[in-house]
Amino acid sequence: MAQIENADPTAPVFHARALRKIYGAGEAEVCALDGITLDCHPGEFLVVLGASGSGKSTLLNLLGGLDTPTSGTLLYRGWDLGGADEASLTRYRRDAVGFVFQFYNLIPSLTARENVALITEIAADPMSPEEALHLVGLGARMDHFPAQLSGGEQQRVAIARAIAKRPAVLMCDEPTGALDVRTGMAVLEAIEKINRDLGTLTLIITHNSVMAGMADRVLTLSDGHITGEKRNATRAAASSLAW
Amino acid sequence: MSLLDLKLLRDLKALKSQAFAVALVMACGLAMMIMTRSLIASLEATRADYYRDNRFADVFSRLKRAPNAVAAQLSAIPGVAAVQTGIALPVTLDLPGVLEPATGLILSLPEQGELTLNRLHLRSGRILVGRESSGEILTGEAFAEANRLRPGDEIAAVLYGRRQNFRVAGVVLSPEFIFEAPPGAALPNNKTYGVFWMPYKELATASNLDGAFNNLSLRLAPGASEAAVIAAVDRVLKPYGGRGAYGRESHPSHTRVRDEIQILQGLSVGFPLVFLSVAAFMTNAVMSRQITLQREQIAILKAFGFSNREIGGHYLKFSLIIVVSGMGLGTLGGIGLGHQLVDMYTLFFRFPSLEFRLATPVVLAAIGVSTLAAVVGVAGAVKAAVRLPPAEAMRPEAPSSYRPALVERLGAGHAFTASFRMALRNIERRPARSMLTMGALALATGILIVPNAFRDGIDYVLNYQWDLIQRQTVFVSMIEPGPARTLADFQALPGVVLAEPVRGAAVELRSGNRFRRLAITGLPPRAELFRVIDAQERPFTLPPHGIVLSSKLAEVLAVNVGDELAVRVLDGRRPEFTVPVAALSEDFAGTAAFMDIGALNRLLGEGDRISGAYLTVAGGKWDEFLRAMKESPVAGGVVVKNRIREGFRETTAKSIGLIQMIYLTFATVVAFGIVYNSARISLSERQRELATLRVIGFSRGEVGAVLVGELAVLTLLALPLGLLIGSGFAAAILTTVNTEFVRLPLILTPYNYAFAVLIVTTASVISALLACRRLDQLDLVGALKARD
């Protein structure tokens with residue numbers, strides 16, 4: 001079985017060709033992704049837009065190593081991510097991917113610092129939890145439990161947790177979906193800062209087209225196909241966005 | 001079927017393994033209760049029937065010799081309904097193919113008709129009736145079975161110094177010997193001790209008791225005073241060497257059965273109660289979680305117009321189904337185990353038929369109690385759920401708040417890993433649940449200590465009695481006390497290396513209004529073969545004056561060193577005197593009193609006499625010694641130490657083995673049930689958290705560790721607590737075995753502790769692994785999308 005150690009650092013971070021994902025079988029068969037072809041490069045900031053059911057979450061699941069494609073090629077730095085087994089996928093998620101979810105998914109019994117430490121304890125070359133929390137502007141609230149933090153603060157802890165391992169890619173699934181505008185803005189600023197300062201390939205999946213302005217490249221998904229691709233000449237600052 | 005019931009069935013199917021775990025724990029408690037209560041009912045009812053049908057006597061006495069005419073005097077005592085006189089003699093037996101002699105008691109059958117009291121129950125062969133005397137005897141069943149004797153077989157007996165061959169005419173049972181063992185024995189040894197009957201004439205001739213009797217049984221008229229009759233009997237028998245009458249409460253066979261029932265009574269309440277409480281807690285945990293998970297469903301049902309009563313009933317039904325399965329399993333298990341234990345009891349107790357009788361009222365009560373426990377267990381959760389207005393119930397529950405655990409607040413948390421902190425904080429957040437889980441695991445550990453403590457206690461006692469105290473190879477008793485020079489005859493037997501005399505005297509010891517009848521054992525002051533041992537396990541020299549009592553006897557008589565004790569000798573010249581208590585000795589079986597043999601003989605005033613001897617016999621000459629012994633005219637009884645010891649071991653191994661198996665099963669079930677259930681509930685509650693960990697790169701094993709970390713901590717805390725509780729259980733139960741017949745010391749070995757820890761740890765680990773297998777089914781993506 002292909003090992004993630006075989007990854008080629010000079011290759012594109014993701015290389016997808018004719019990627020298909022079919023759920024169910026027979027009558028109940030649903031084609032969630034139908035022939036996706038895509039390359040993603042280090043340091044890129046991508047926003048994937050789409051309505052619910054467009055296949056954007058499925059794409060994130062495949063790229064994030066949470067699921068495997070039905071057919072097609074999916075390489076992570078030349079390594080066959082699409083054909084990896086359970087153990088290699090776990091290893092891939094642990095070393096290469098940072099996830100940020102809509103509902104933060106923090107461990108309620110651990111403080112902000114400890115939620116981050118959870119990752120730094122197992123990662124290969126992590127930064128300290130304190131450093132990660134400073135990066136997202138939460139240096140002062142490190143010893144608070146999730147229940148003592150606001151939604152925006154919780155999401156920033158989630159970002160710190162995602163980037164503390166210095167991942168190759170940061171995947172954010174509707175990161176502001178549960179937040180009001182002001183706190184959502186702060187969260188996006190944090191993501192932008194990570195992308196800029198650490199050069200992490202960043203993918204944001206959202207149905208909120210306002211975020212498109214901060215991306216290098218914007219992909220539009222509908223019905224399992226990439227229906228649009230747009231490059232921004234300049235990236236708008238997160239603080240300038242409004243929705 | 002209503003739709004709610006359909007939902008119930010499907011929910012149950014999804015929860016089947018958890019429901020099963022709860023039902024099993026409940027079944028254990030119920031099985032224990034049914035088993036013990038039914039055994040008590042079986043023993044009590046069988047005994048009552050047996051006593052009534054076979055006319056078991058109420059008062060008993062032995063005497064030296066009284067003419068048969070005295071029986072009329074005894075019948076005339078007010079309150080006496082029936083009198084049975086006869087002869088009872090010790091006997092030594094020579095079994096075909098068995099070198100070592102067995103001893104026993106031989107009783108007479110009346111010259112005319114059947115026994116009036118203590119009638120025999122024929123098992124096989126025929127009863128000997130009337131004057132016929134053709135060298136035939138009846139044999140007690142326990143001895144016959146142990147030695148494979150059948151009607152028609154021959155055995156040789158040395159009766160009153162004369163060797164004679166007898167044919168077994170029949171195998172019988174007697175209500176006087178339900179426990180067929182020498183008086184004071186804690187366990188039977190049926191290979192070396194038996195009870196026999198033969199026609200009066202033959203026995204009387206052999207023992208020079210023709211026209212006389214030395215054994216008496218009486219039945220009391222309804223309402224008669226036992227104490228008054230005993231006093232009157234003693235007065236009548238005094239000139240004939242009466243040894244003191246006693247009632248059923250001092251009858252060796254009767255008391256042994258009574259003690260057993262007492263022990264069962266103790267077991268029938270405590271353990272089942274604890275098991276049922278654990279089961280109630282588990283039901284509550286499972287149902288609370290189920291109701292939390294179904295908050296929205298409850299809200300929807302209410303929004304559709306289902307009443308609180310209907311919804312409450314739905315969840316109650318859910319828990320009642322668990323109760324009913326537990327009851328079914330428990331009843332079947334209790335009946336099954338009860339039957340096995342009845343079989344075990346036939347090893348000890350001989351009834352015409354000891355049948356398992358289900359204690360139905362108890363079963364019904366147990367079912368009632370368990371149902372109530374289950375209802376109470378879910379009532380709270382159901383109440384909280386139905387009280388929520390639908391709109392509120394459809395909103396997710398507020399996020400749970402945490403704080404650092406106590407150990408961390410005390411500043412000791414720096415070195416902990418994140419998963420360990422999670423475990424600690426989860427434990428502290430739900431203190432009641434954690435305590436109950438830990439309590440149940442401690443209980444599982446604790447109950448494992450009991451049977452091993454029993455076994456170790458018995459081992460200790462066996463070694464104490466037979467290595468520390470008794471160091472002889474054989475004990476030879478004489479039919480009647482004889483001159484001290486008889487010791488030289490014993491010394492001269494082939495292979496005898498050392499012979500030490502012993503003088504026994506039947507006495508009544510009295511201090512104030514407390515008294516006991518037993519034999520004072522007279523020994524040489526520094527006896528080597530039978531040693532008197534003090535509380536520090538050191539042998540000590542018998543003082544030239546005064547009496548040494550075993551500490552149990554001193555306790556019974558409420559005397560201490562230095563107190564005076566009134567002694568009434570029940571034999572021979574029947575002198576009465578007082579002696580000071582010179583010291584206390586320690587032993588575990590029976591009660592004992594010792595004196596310097598010279599001092600005892602002086603007080604008895606019959607000159608230098610001995611009533612037996614302790615002998616060590618050289619191994620090489622063993623067979624030769626035994627042959628000579630069987631022929632010896634002076635030896636009334638021979639007790640081979642190792643044979644008794646072996647018999648003891650065999651019986652204890654069988655009974656303790658079964659009990660141990662039962663406790664082991666129950667402990668495993670509790671440990672397994674509680675760990676599995678807690679892990680499953682925890683998995684359900686923390687699904688999202690665990691899925692998150694998997695997504696961010698934790699391996700399945702690491703997530704498993706987070707899942708069971710809490711349980712691992714609780715198990716580790718429970719183990720020492722369990723050992724403590726178990727030691728307490730063992731101490732409490734062993735003190736119930738603190739009778740005048742036998743006492744068990746509390747011996748707790750590292751092996752015992754290690755065994756308990758090993759079993760509970762293994763059961764916990766296996767059930768945790770089983771629960772962890774569910775992690776594979778964790779829906780990673782789904783758990784991240786859903787907001788609880």
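Burial is a convenient place to start with chain B of this predicted model. Of its 788 residues, 55% count as buried. The chain holds 23 helices and 20 strands, and its C-alpha trace spans about 100 × 55 × 50 Å along the principal axes.

The assignment of domains divides chain B into three parts: domain 1 (88-208), domain 2 (430-460 + 648-788) and domain 3 (463-647). Domain 2 is thus written as two segments, 430-460 and 648-788. Taken over C-alpha atoms, the centres of domain 1 and domain 2 of chain B are separated by 52 Å. A single pair of residues gives another feel for distances in the chain: B:P720 and B:D234 are 486 residues apart in sequence, and their C-alpha atoms are 57 Å apart in space. Of these two, B:P720 belongs to helix α21 (residues 700-736) of chain B. With a relative accessibility of 47%, B:P720 counts as partly exposed.

Turning to the strands, chain B contains an open sheet of 4 strands in the order β2-β10-β1-β11, with antiparallel pairing. The edges are taken by β2 (80-86) and β11 (246-247), each of which has a single partner strand, so one side of each is left without a neighbour in the sheet. In general, the strands of a sheet pair through backbone hydrogen bonds, in either a parallel or an antiparallel arrangement. At one edge, β2(B) runs antiparallel to strand β10 (residues 212-220) of chain B, and 6 bridges join the two. Within this pairing, B:V83 has B:L218 of β10(B) as its bridge partner. Despite the place of β2(B) at an edge of the sheet, this strand is mostly covered, with 5 of its 7 residues buried. At the other edge, strand β1 (residues 59-67) of chain B pairs with β11(B) over 2 bridges, again in the antiparallel sense. Here B:V59 stands opposite B:G247 of β11(B).

Charged side chains come next. Side chains of opposite charge can pair when their charged atoms come close. A search of the whole structure finds 48 salt bridges over all chains, and a few of them illustrate how such pairs are placed. In one, B:R52 pairs with B:D49, with the closest N and O atoms 3.5 Å apart. These residues are 3 positions apart in helix α2 (residues 16-53) of chain B, so about one helical turn separates them. B:D49 counts as partly exposed because its relative accessibility is 27%.

A salt bridge within helix α7 (residues 252-293) of chain B offers a useful companion case: B:E260 and B:R256 are 4 residues apart there, and so again separated by about one helical turn. Their side chains meet at 3.2 Å, N to O. Both B:E260 and B:R256 are buried.

How far apart in sequence are the parts tied together by B:R645 and B:D467? The side chains of these two residues meet in a salt bridge at 3.0 Å, N to O. B:R645 lies in helix α19 (residues 641-685) and B:D467 in helix α14 (residues 431-469), both of chain B, so the pair ties together parts that are 178 residues apart in sequence. The surroundings of the two partners can be told apart by accessibility: B:R645 is buried, with a relative accessible area of 10%, whereas B:D467 is partly exposed at 37%. Salt bridges can also be linked through shared partners, and in this way A:E86, B:R694, B:R700 and B:D776 are joined into one network.

Two further sites round off the picture, one of them covered and the other open. B:E202 is placed in helix α5 (residues 200-206) of chain B. Its relative accessible area is 14%, and B:E202 is therefore buried, given that the cut-off lies at 20%. The side chain of B:E202 reaches the backbone nitrogen of B:G135 at 3.4 Å. By contrast, B:F304 in helix α8 (residues 295-304) of chain B is exposed, with a relative accessible area of 68%. Together with B:I300 and B:F306, B:F304 makes a nonpolar surface patch of about 300 Å².

Technical notes
Residues are numbered from 1 along each chain as its sequence is written. Chains are lettered from A and ligands numbered from 1 in the order in which they are written. This is a predicted model: local features need pLDDT of at least 70, side-chain atom pairs count only at pLDDT 80 or more; totals for chains, interfaces and linings use all residues. Side-chain values use heavy atoms; hydrogens and water are left out. Buried means under 20% relative accessible area, exposed over 50%, partly exposed in between (1.4 Å probe, protein chains only). A polar contact is a pair of N or O atoms within 3.5 Å; within protein, one must be able to donate a hydrogen and the other to accept it, and residues adjacent in sequence count only if both atoms are side-chain atoms. Patches are made of residues with over 30% relative accessible area and no salt bridge: like charges are joined within 9 Å, nonpolar side chains (Val, Leu, Ile, Met, Phe, Trp, Tyr) within 5 Å. Accessible areas come from the Shrake-Rupley method with a 1.4 Å probe; for residues, only the protein chains shown count as cover. A salt bridge is a side-chain nitrogen of Lys or Arg within 4 Å of a carboxyl oxygen of Asp or Glu. Two strands pair if DSSP finds at least two bridges between them. Domain bounds come from an automatic or database domain assignment.
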